Amino acid sequence: MLLGFLCWFCASLFLYVRGAKLPEPEVKIEVLHKPFLCHRKSKYGDMLLVHYEGYLESNGTMFHSSRMHGDRNPVWFTLGIREVIKGWDKGLQNMCTGEKRKLTIPPALAYGKEGKGKIPPESTLIFNIEIMDIRNGPRSHESFKEMDLNDDWKLSKLEVKEYLKKEFQKHGYSANDTHHEVMVEDIFKKEDEDEDGFISAREFTYKHDEL
């Protein structure tokens, strides 16, 4: 699992990075069931609990089912931080608890040229996915300590910027100082509640409603 702090800026990361890349293929989304009442919709940074079945589009073969294989329990993951394939991150936004969707995901947003396990290279995949629960994403003490380079129990803009640089590089993106500065300003605008120029341990670990 990627560090909880990524929940803060993952949506901005995709926005800025995609501006410098060619448009990606799209996920085909079909809503199979939507509950009458929807108190909350999924968004980047949320933790989702899902049941799913995955099929190869080419011949209809099921390659995995959370209800039939393994421990038969639903799966937790954090949306939008690449814990799962890109097609899930794109296709499971704005869903309600109890909603079911069918996603048709092209190879570029799945396992691409390499494939994985029972999935051949360049496979288009079909997933039937049901969201069982939506929860706020984590903000861990371990993530805070990794960013707090001088151990003063607060994060400066420089410390957050250095962390962003490392995360961009870790995931194959170029280190762009202008993008990082804009993202740091946005993070501090939202998270520096007392406006003292630092993000305290309390401000970091507190689970805001917007996450």
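Ser200 counts as partly exposed because its relative accessibility is 24%, where buried means under 20% relative accessible area, exposed over 50%, and partly exposed in between (1.4 Å probe, protein chains only). Keep in mind that this is a predicted model, in which local features need pLDDT of at least 70, side-chain atom pairs count only at pLDDT 80 or more, and totals for chains, interfaces and linings use all residues. Residues are numbered from 1 along each chain as its sequence is written, and side-chain values use heavy atoms, with hydrogens and water left out.

Back to Ser200, which sits in strand S8 (residues 199-200). Helices (H or I, at least four residues) and strands (E, at least two) are DSSP runs, numbered from the N terminus. Leaving aside residues up to four places away in sequence, Ser200 touches Phe144, Trp153 and Lys154, a contact being heavy atoms within 4.5 Å. Leu155 is 45 residues from Ser200 in sequence, yet their C-alpha atoms are 6.3 Å apart.

Now for helix H4, which covers residues 157-170. Its 14 residues should span 20 Å at 1.5 Å a residue, and the end C-alpha atoms are indeed 20 Å apart, so the two agree. The expected span is 1.5 Å times one less than the number of residues in the helix. Which residues of H4 are buried? They are Glu159, Val160, Lys161, Tyr163, Leu164, Glu167 and Phe168. As a rule of thumb, an α-helix has 3.6 residues a turn, so residues three or four places apart point the same way.

Step back to the whole chain and you'll find six helices and eight strands. Followed along the sequence, they come in the order α-β-β-β-β-α-β-β-α-β-α-α-β-α. The chain has 211 residues, and 43% of them count as buried. Take the contacts between residues at least 6 apart in sequence: 68% of these join residues at least 24 apart. As for the surface, the chain exposes about 11,400 Å², with carbon and sulfur atoms supplying 52% of that; these areas come from the Shrake-Rupley method with a 1.4 Å probe, and for residues, only the protein chains shown count as cover.

Next, the largest pocket, which holds about 350 Å³ of space. On a 1 Å grid over the protein atoms alone, a pocket is an open set of points where a 1.4 Å probe fits, with protein on both sides within 12 Å along at least five of seven lines, and lining residues have an atom within 4 Å of a point. The volume is the space filled by probe spheres set on the points, with grid points joined across faces, edges and corners. Of the 15 lining residues, Tyr52, Phe63, Tyr111, Lys116 and Phe127 lie nearest the centre of the pocket. Strands S3 (62-65) and S4 (75-78) each put at least two residues into the lining. How does the lining divide by residue type, and what are the numbers? It has 10 nonpolar residues, two polar and three charged; Ala, Val, Leu, Ile, Met, Phe, Trp, Tyr, Cys and Pro count as nonpolar, Asp, Glu, Lys and Arg as charged, and the others, Gly among them, as polar.

The loop between S3 and S4 is home to Arg72. Arg72 is exposed, with a relative accessible area of 55%, and has a positive phi of about 65° although it is not a glycine.

Last comes the loop between helix H2 (86-91) and strand S5 (100-105), where you'll find Gln93. Gln93 counts as partly exposed, at 26% relative accessibility. Not counting residues up to four places away in sequence, Gln93 touches Ser42, Tyr44, Leu79 and Arg101. Ser42 is 51 residues from Gln93 along the chain, with 5.3 Å separating their C-alpha atoms. Asn94 belongs to the loop between H2 and S5 as well; its phi is near 60°, a positive value in a residue other than glycine, and at 46% relative accessibility it counts as partly exposed.

Cys96 is also in the loop between H2 and S5. Is Cys96 buried or exposed? With 0% relative accessibility, Cys96 counts as buried. Apart from residues up to four places away in sequence, Cys96 touches Lys34, Pro35, Cys38, Arg40, Lys41, Ile131 and Ile134.
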